[in-house]
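Here are my notes for your first look through this one. Keep the viewer open and find each spot as you read.

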Amino acid sequence: RVGVTIAIDGPAGSGKSTVSRRIATELGIGYLDTGAMYRALTWYALDRGIDLADQAAVVAAAGRMPLTMDSDPQDPHYFVGDTEVTGAIREPRITESVAAVSTNLGVRRWMAGEQRRRMLEARDRGSGMVAEGRDITTVVCPDADVRILLVADSEARLARRALELYGDTAPEHLEATRRQVQGRDAADSTVSEFLTPAPGVSVVDSSGLSVEQVVDAVLALVDDDL
Ligand code: C5P
């Protein structure tokens, strides 16, 4: 298992962050949240007053962004320069704008290169890494040792997101969450087909499973594949 690389893709609410972080902890390997990188770039560009529609300016900002990520999978922290952005990158204004950044093909090229470099470094160092996102199994690291697409039916995804956002699954909160999740899935799916497994990618359906059960299913795949 030395230097194992694990790629986990999935839509919003599939449980991929919770599961990826648990896997990193269980296996004692690094953790890379690629969505946090897109969110941090969105925060940075807005902070600098860059028009997100100016694609070249946003790509240039990516190259200049002084992003540091600490690697504790149970409690990740993100900094841009000296400013901690861990909380800010989860705010609705970022979630609402991130698609304008993630549909920028120059940004995607830059992100994929940066993320791949981090994965391969972890492989070469022997420390290993789990990376989660939308295109890790297909674009960033199609040669990862283990590749998983985590899916869940729409009701399960909705309930998870409502719990995250509001702390409960009251009908009005489910409804508000439904509007957000549908909008984001539609925006995301214009970039690439996130919901269909590429050849060689294992699908894990987390609907109706506990975190524990999903973690066990993923660990079983890691055992099978290595
Ligand atoms: O995973 P998370 O919801 O934090 O991702 C935020 C956004 O970043 C997604 O909605 C998507 O637009 C973008 N993203 C992406 N490719 C990735 C990870 C995230 O386009 N690998």
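1. Start with strand β1, which pairs with strand β6 (residues 129–133) in the parallel sense, over five bridges. To find the pairing on screen, look for Thr5, which stands opposite Met129 in β6. Do keep in mind that this is a predicted model.

2. β1 has another partner too: four bridges join β1 to strand β7 (residues 146–151), and these two run parallel. Here the pair to look for is Ile6 and Val146, which are bridge partners, with Val146 sitting in β7.

3. How many of the residues in β1 (residues 5–9) are buried? Five of the five, so the strand is mostly covered. Try looking at which way the side chains go: Thr5, Ala7 and Asp9 point one way, while Ile6 and Ile8 point the other way, and all are buried. Buried here means under 20% relative accessible area.

4. Now move to another sheet, an open one of three strands in the order β3-β4-β5, with antiparallel pairing. The edge places go to β3 (67–69) and β5 (83–84); each has a single partner strand, so one side of each has no neighbour in the sheet. Strand β4 (residues 78–80) is joined to β5 by two bridges, running antiparallel. One spot to check is Val80, which stands opposite Thr83 in β5.

5. While you're in that area, which residues form a negative surface patch? They are Asp70, Asp72, Asp75 and Glu84. Of these, Asp72 lies in the loop between β3 and β4. Asp72 has 39% relative accessibility, so it counts as partly exposed.

6. On to the salt bridges: a search of the whole structure turns up 18 of them. A good one to begin with joins the side chains of Glu26 and Arg22, at 3.2 Å from N to O. Why are these two about one helical turn apart? Because they are four residues apart in helix α1 (residues 16–27). Glu26 itself is partly exposed, with a relative accessible area of 45%.

7. You'll find a similar story in helix α5 (residues 105–125), where Glu121 and Arg117 lie four residues apart, about one turn of the helix. Their salt bridge has its closest N and O atoms 2.8 Å apart. Glu121 counts as partly exposed at 37% relative accessibility, and Arg117 also counts as partly exposed, at 38%.

8. Don't stop at that pair, though. Glu121 and Arg117 belong to a network of salt bridges that also links Glu114, Arg118 and Arg125.

9. Next, have a look at helix α8 (residues 171–188). Here Glu175 and Arg178 are three residues apart, so about one helical turn separates them. Their side chains meet in a salt bridge (3.3 Å, N to O). Are they buried, partly exposed or exposed? Glu175 is partly exposed at 35% relative accessibility, and Arg178 is partly exposed too, with a relative accessible area of 29%.

10. Last stop: Glu155, which has its place in helix α7 (residues 154–166). Glu155 counts as partly exposed, at 47% relative accessibility. If you'd like to try out the distance tool, pick the C-alpha atoms of Glu155 and Leu195: they are separated by 16 Å, and the two residues are 40 residues apart along the chain.

Definitions and conventions. Residues numbered from 1 in each chain as written. Predicted model: local features only at pLDDT ≥ 70, side-chain atom pairs only at ≥ 80, totals over all residues. Heavy atoms only, no water. Pairing = 2+ DSSP bridges. Patch = residues over 30% accessible without salt bridge, like charges linked within 9 Å, V, L, I, M, F, W, Y side chains within 5 Å. Areas by Shrake-Rupley, 256 points an atom, 1.4 Å probe, with all protein chains shown as cover. Salt bridge = Lys/Arg side-chain N within 4 Å of Asp/Glu carboxyl O. Lys, Arg positive; Asp, Glu negative; His and termini not counted. Charge placed at Lys NZ, Arg CZ, Asp CG, Glu CD. Buried < 20%, exposed > 50% of the residue type's maximum accessible area, 1.4 Å probe, protein only.
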